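Visitor: Please take me through this model feature by feature, giving the general idea before each case.

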Amino acid sequence: MNTNKSEKFHAKTQTEDNVCTVFLSGELDLSVAPDFRLVMEPLVGDTGLDLVINLKELKYIDSTGIGILLSILKARHGMDVKFSVEEVPPQIQKLFDMTGIAKFFAPQENSH
């Protein structure tokens with residue numbers, strides 16, 4: 001077991017029926033933020049797609065990762081297009097709840 005190396009971050013996209021889901025795994029922190037931004041940049045501005053981020057396999061997120069999620073939320077809200085975060089692991093949900101941002105990532109049922 002390698003304890004001094006963080007779990008490698010990975011983002012995989014899947015588009016189906018005008019919904020783009022981004023599956024995140026590993027650890028989303030400052031060191032991989034540029035990689036995550038690179039994946040998300042073209043997707044955030046695509047108003048023809050609903051955007052979903054799936055955190056089922058995410059082990060850790062720091063304030064930088066949360067900041068990126070919030071900036072995506074703000075951009076998508078400004079364009080009036082759907083954005084949600086799904087399958088949030090308990091340890092990350094707890095962090096979202098403690099910081100008061102959980103309510104912003106809930107699926108938007110009444111949109112469109």
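Visitor: How exposed is Glu87?

Guide: Relative accessible area is read in three classes, found with a 1.4 Å probe and with protein chains only as cover: buried is under 20%, exposed is over 50%, and partly exposed lies in between. Glu87 counts as partly exposed because its relative accessibility is 43%. This residue sits in the loop between S4 and H3, and its phi is positive, about 50 degrees, although Glu87 is not a glycine.

Visitor: What should I bear in mind about the source of such values?

Guide: The model is predicted, so local features need pLDDT of at least 70 and side-chain atom pairs count only at pLDDT 80 or more, whereas totals for chains, interfaces and linings use all residues. Residues are numbered from 1 along each chain as its sequence is written, and side-chain values use heavy atoms, with hydrogens and water left out.

Visitor: Which other residue, at 69% relative accessibility, should I look at?

Guide: Asp17, which counts as exposed because its relative accessibility is 69%. Asp17 lies in the loop between S1 and S2, and its phi is near 50 degrees, again a positive value in a residue other than glycine. The hairpin of S1 and S2 has two residues between the strands.

Visitor: How many helices and strands does the protein chain have?

Guide: Helices and strands are taken as DSSP runs numbered from the N terminus, helices being H or I runs of at least four residues and strands E runs of at least two. The protein chain has three helices and four strands, and from the N terminus on they follow the order β-β-α-β-α-β-α.

Visitor: In what order do the strands lie in the sheet?

Guide: Strands of a sheet pair through backbone hydrogen bonds, in either the parallel or the antiparallel sense. For counting purposes, two strands pair if DSSP finds at least two bridges between them. Here the sheet is open, its four strands have the order S1-S2-S3-S4, and the pairing is mixed. S1 and strand S4 (83–86) stand at the edges with a single partner strand each, so one side of each has no neighbour in the sheet. Neighbouring strands are turned against each other by 20 degrees on average, direction ignored; such angles are taken between axes, which are lines fitted to C-alpha atoms (for helices over the stretch in contact), and run from 0 to 180 degrees between N-to-C directions.

Visitor: Which strands pair in the antiparallel sense, and over how many bridges?

Guide: Strand S1 (residues 10–16) and strand S2 (residues 19–28) do so, over seven bridges, with Thr15 opposite Cys20 in S2. S2 pairs with strand S3 (residues 50–61) in the parallel sense over nine bridges, and there Gly26 stands opposite Leu58 in S3. Helix H2 (residues 63–78) packs on this sheet, touching S2, S3 and S4, and its direction makes about 170 degrees with that of S3. Helix H3 (residues 90–99) lies across S3 and S4 and runs at about 110 degrees to S3.

Visitor: At what angle do the axes of H1 and H2 cross?

Guide: Angles under 35 degrees count as roughly parallel, over 145 as roughly antiparallel, 65 to 115 as roughly perpendicular, and the rest as oblique. The axes of H1 and H2 come within 11 Å and cross at roughly 10 degrees, which makes H1 roughly parallel to H2. Contact means heavy atoms within 4.5 Å, and the residues that meet include Phe36 and Met40 in H1 and Ile68 and Ile72 in H2.

Visitor: Which residues have the most contacts inside the largest nonpolar core?

Guide: A nonpolar core is a set of buried Ala, Val, Leu, Ile, Met, Phe, Trp, Tyr and Cys residues joined through side-chain atoms within 4.5 Å. The largest such core has 29 residues, and Leu24, Phe36 and Ile53 have the most contacts inside it. S2, helix H1 (33–44), S3, H2, S4 and H3 each supply at least two of its residues. Leaving aside neighbours within four places in sequence, Leu24 is in contact with several residues, among them Phe36, Ile53 and Leu58.
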